[in-house]
Amino acid sequence: MRTDEEPKLRPTAFWSGVLRSVIVVTGVLALLSGCADQRTTDVGVQDAEDAREAPPVTRPATGDDLAPVCDELQQYRPEPAAMRTAEPVGPEDGVPTPGPELWDLTFEGGREEVLAWARERAPDTYAGMWLDDSATGPLVVAFAEDVEAIQQDLVERFDGPVSAVQVPHRAADLAEVERQFRGQVTPPANPPEPSTILSVSRRDQYNRVFVGLLGDDTDLRRQWAADFGDRICVEITPIPSAETADAQPWSLEPDADITPTTTSFVALLAEQGCHGSEPTPPERIVPPEVQVTDDAVIVTIAVIPPIGGQDCPGVPPAPVLVELPEPLGDRELLDGYTDPASPPAEPEITPAPPTGPQPIGTVTPSAIPQGTPTEVIPPGPQPTGTVTPAPLPAPVAS
């Protein structure tokens with residue numbers, strides 16, 4: 001018997017079709033997933049290798065409970081409506097220069113006049129004075145109070161570009177904080193001691209006391225934040241280590257005997273830049289790095305930089321023992337300080353001075369060319385009009 005109704009799928013046939021569709025979709029997804037996994041794995045390996053190659057970057061800790069890092073702060077500047085700037089005269093080497101009014105105000109006695117007026121006008125709230133760091137910026141006077149009335153007085157009193165700004169702390173309060181830290185400033189030691197206070201200075205334009213700290217001591221910064229609030233900030237100097245060392249040039253000893261059988265030698269390390277009045281101490285010298293190739297042995301000696309300001313006298317080099325992993329052979333000995341590596345610098349030979357006490361009135365024979373007439377006056381008073389000739393030294397036997 002025929003019927004006009006659409007034939008219905010039997011349950012078995014329906015679920016069989018659904019199952020086949022699921023299998024096909026699952027297969028496609030698996031294939032795509034495999035490709036994605038392979039790509040992710042490749043990228044992950046590359047990222048891991050890049051991470052190993054990149055040097056670690058250590059940044060100071062941050063937090064509302066820590067004394068802030070000074071680099072993160074902004075200077076105080078007057079409101080734009082109160083900013084009285086000097087007109088630039090013209091470019092000098094491409095940089096606008098302040099006009100004569102600003103010059104007179106800040107360098108020809110005007111600055112002292114503004115300072116005296118500010119301290120007299122508001123002795124209890126005066127907070128400092130500075131020249132704005134923009135090329136045509138004003139002389140800025142700070143007060144720990146509303147400056148609307150003070151700004152009006154400045155306009156009436158001075159013709160030059162001088163402006164007032166409100167800040168939280170008086171100069172007297174910051175000076176007291178600076179005084180408390182001043183007694184804790186310690187010269188850096190070798191090896192350096194973490195948490196050493198290296199410096200302290202008051203910066204009026206930031207309305208803070210800048211404290212130089214060796215290493216990021218979060219406990220100390222937390223204590224300072226509790227004790228001094230927003231009156232201080234820290235300038236963190238990283239603790240020197242082998243990771244911060246710089247390669248330095250070296251030379252061989254004047255009488256060095258370098259042969260194919262050489263397995264060790266003494267390098268004379270000549271640290272560049274200011275590093276005190278003594279040779280580089282061993283604790284700042286990183287063990288030499290020796291790279292052996294088919295035709296060269298490259299020796300690189302790095303030095304951990306000193307902390308703080310250093311004297312710059314000429315000092316003798318520091319001897320460093322270098323051990324080679326194998327005899328030098330026919331390879332060239334090179335200094336890795338340069339790029340590309342090059343032969344070590346020639347040693348500086350300085351004649352040794354005479355040893356032992358020298359009698360007064362005599363001349364060291366080595367200092368006189370043979371055959372040169374020389375007269376030396378012995379010590380003590382001499383009769384008027386007479387000169388006692390000193391005998392010439394006898395020729396040195398060859």
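Trainee: Which side chain does Asp173 meet in a salt bridge?
Mentor: Asp173 pairs with Arg170, and the N to O distance is 2.9 Å. Keep in mind that this is a predicted model.

Trainee: Got it. And is Asp173 buried or exposed?
Mentor: In between: Asp173 is partly exposed, with a relative accessible area of 27%. Its partner Arg170 is also partly exposed, at 31%.

Trainee: Let's move along the chain. What does Asp204 pair with?
Mentor: Asp204 meets Arg202 in a salt bridge, with 3.2 Å from N to O.

Trainee: How accessible is Asp204 there?
Mentor: Asp204 has a relative accessible area of 13%, so this residue counts as buried. The cut-off for buried is under 20%. Arg202, on the other side of the pair, is partly exposed at 30%.

Trainee: What about Glu235, which residue is its salt-bridge partner?
Mentor: That would be Arg203, and the closest N and O atoms of the pair are 3.8 Å apart. This bridge links distant parts of the chain, since Glu235 lies in strand 8 (residues 232-237) and Arg203 in strand 6 (residues 197-203).

Trainee: How many residues apart are those two?
Mentor: Glu235 and Arg203 are 32 residues apart. Glu235 is partly exposed, with a relative accessible area of 28%, and Arg203 is likewise partly exposed at 28%.

Trainee: Nice. Which residues do shared salt-bridge partners join into a network?
Mentor: Glu178, Arg182, Arg202 and Asp204 form one network that way. You've already met two members, as Arg202 and Asp204 are the pair with the 3.2 Å distance.

Trainee: How many salt bridges does the count come to?
Mentor: The count is 14 salt bridges.

Trainee: Changing topic: how many helices and strands are in the chain?
Mentor: The chain has 6 helices and 15 strands.

Trainee: And what share of the residues counts as buried?
Mentor: Of the 398 residues, 29% are buried. Asp204 is buried as well, as we saw from its 13%.

Trainee: What about contacts, how much of that is between residues far apart in sequence, say at least 24?
Mentor: Taking contacts in the chain between residues at least 6 apart in sequence, 60% join residues at least 24 apart.

Trainee: Last one: how much area does the chain expose, and what do carbon and sulfur supply?
Mentor: The chain exposes about 25,900 Å², and carbon and sulfur atoms supply 55% of that.

How values were computed. Residues are numbered from 1 along each chain as its sequence is written. This is a predicted model: local features need pLDDT of at least 70, side-chain atom pairs count only at pLDDT 80 or more; totals for chains, interfaces and linings use all residues. Side-chain values use heavy atoms; hydrogens and water are left out. A salt bridge is a side-chain nitrogen of Lys or Arg within 4 Å of a carboxyl oxygen of Asp or Glu. Buried means under 20% relative accessible area, exposed over 50%, partly exposed in between (1.4 Å probe, protein chains only). Helices (H or I, at least four residues) and strands (E, at least two) are DSSP runs, numbered from the N terminus. Contact means heavy atoms within 4.5 Å. Accessible areas come from the Shrake-Rupley method with a 1.4 Å probe; for residues, only the protein chains shown count as cover.
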